[in-house]
Amino acid sequence: MKHFISMRDIGKQEILELLALAEKIETGKIKPDLSPYLGALLFFEPSTRTHFSFDTAIKKLNGKSFSISGTGSTSVKKGETLADTLKTISQYADYIVMRHSIEGAARFASEILEIPVINAGDGTNQHPTQAMLDLYSIRKTQGTLENLHIALIGDLRLGRTVHSLVQALHEFNPTFYFAAPRHLKMPAYIIDELKEKNIPFYEVEDIKEILPKLDILYVTRIQKERFAVLEDYEKVKDAYIITAGLLENVKPNFKVLHPLPRVNEITTDVDKTPYAYYFQQAKNGVPVRQAIITKLLQLA
Ligand code: CP
């Protein structure tokens, strides 16, 4: 594993090895030493969790980092190309973590650079480190990744986390339920992959009917910033809102996950229920990202 770009690039065995490594780091069984390494955190798109959990992950293992947030303070503003920016930064850093609005930007970076590249989100395409922390969270709460009933709701077309998560679960015998507004349904290529692999999935409108069957409800935000026409966003922004009252008949092991940020798709009364797991999920990003960096630097 030289780069970490897409969940399509790694299989079940590598996923389980990374999760095991994250667990060893989190429980203090091992503490990789990142002190010789400098990470470049290039966030050309906004981020709270991914940016700061990578930085936390690095610093807690005594590593060093420098960051870009947006392009305002860089020579991209003067017209420098992404390729030249990346090649320059790779002269300083030992690895790059990159978020960019263009689908394929991280893959492009991995093809032109000699140092490891980690995809921290590329447009509407992939968010593989989020998928890994989602798997870690699912396994922590369910005790397994196998044979689970998982619903993904909200913006399934423009929200990249769901694409990575569905692909990440391919080999764990899942049953999926998808609920999304008409123009925000799961992309055809994700659906086609499920059909090819005979993975059961159901496209539903009313999530009330399926809630009692679920182990995991993965809620996503409607991606306002990716709409060309604001009125189109206004029409769908409240399509699915999870309230505590909706969760009366769920299974005892049931959990609500959300990659965050949330806007109004989970009301704050859910936070007090035993089903809310989204803030712990964000916390799980630290050991998982430590494991990914450790693996790419071949320290374990
Ligand atoms: N989950 C996630 O990617 O959050 P941020 O956009 O805050 O990094």
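The paragraphs below go through the domains, the nonpolar cores and the two largest pockets of this predicted model.

The protein is divided into two domains, of which domain 1 is made of two stretches, 7-126 and 285-296, while domain 2 covers 128-282. The centres of domain 1 and domain 2, taken over C-alpha atoms, are separated by 25 Å. In the contact between them, 33 residues come from domain 1 and 29 residues from domain 2.

With the domains in place, the interior can be considered. In soluble globular proteins, nonpolar side chains tend to be buried together. In this model the largest nonpolar core has 55 residues, and the members that touch the most other members are Phe-4, Met-132, Leu-135, Leu-152, Phe-176 and Phe-178. Because domain 1 (7-126 + 285-296) and domain 2 (128-282) both give residues to this core, it lies between them. Leu-135 can serve as an example of the packing: leaving aside residues up to four places away in sequence, Leu-135 touches Ile-15, Leu-19, Leu-145, Leu-165, Ala-168 and Leu-169. There is also a second, separate core of 23 residues, and among its members are Val-204, Ile-210, Leu-247 and Tyr-275.

The open spaces come next. The largest pocket has a volume of about 380 Å³, and 21 residues line it, with Arg-99, Arg-160, Arg-221, Leu-260 and Pro-261 lying nearest its centre. Two elements, α2 (49-60) and α6 (160-168), are those that give two or more residues to this lining. Where does the largest pocket lie with respect to domain 1 and domain 2? Both domains give residues to its lining, so the largest pocket lies between them. By class, the lining of this pocket holds 10 polar and 7 charged residues, together with 4 nonpolar ones.

The second largest pocket has a volume of about 220 Å³. Its lining is formed by Ile-25, Glu-26, Gly-28, Ile-30, Lys-31, Thr-56, Lys-60, Leu-61, Lys-283, Val-286, Pro-287 and Gln-290. Which helix supplies the largest share of this lining? That share, 3 residues, comes from α10, although α1 (12-26), α2 and α10 (285-296) each supply at least two residues. Sorted by class, the residues that line the second largest pocket divide into 5 nonpolar, 3 polar and 4 charged. Helix α2 therefore appears in the description of both pockets, giving two or more residues to the lining of the largest pocket and at least two to that of the second largest pocket.

Technical notes:
Residues are numbered from 1 along each chain as its sequence is written. This is a predicted model: local features need pLDDT of at least 70, side-chain atom pairs count only at pLDDT 80 or more; totals for chains, interfaces and linings use all residues. Side-chain values use heavy atoms; hydrogens and water are left out. A nonpolar core is a set of buried Ala, Val, Leu, Ile, Met, Phe, Trp, Tyr and Cys residues joined through side-chain atoms within 4.5 Å. Buried means under 20% relative accessible area, exposed over 50%, partly exposed in between (1.4 Å probe, protein chains only). Domain bounds come from an automatic or database domain assignment. Contact means heavy atoms within 4.5 Å. On a 1 Å grid over the protein atoms alone, a cavity is a set of points where a 1.4 Å probe fits but cannot get out, and a pocket is an open set with protein on both sides within 12 Å along at least five of seven lines; lining residues have an atom within 4 Å of a point. Grid points are joined across faces, edges and corners, and a volume is the space filled by probe spheres set on the points. Helices (H or I, at least four residues) and strands (E, at least two) are DSSP runs, numbered from the N terminus. Ala, Val, Leu, Ile, Met, Phe, Trp, Tyr, Cys and Pro count as nonpolar, Asp, Glu, Lys and Arg as charged, and the others, Gly among them, as polar.
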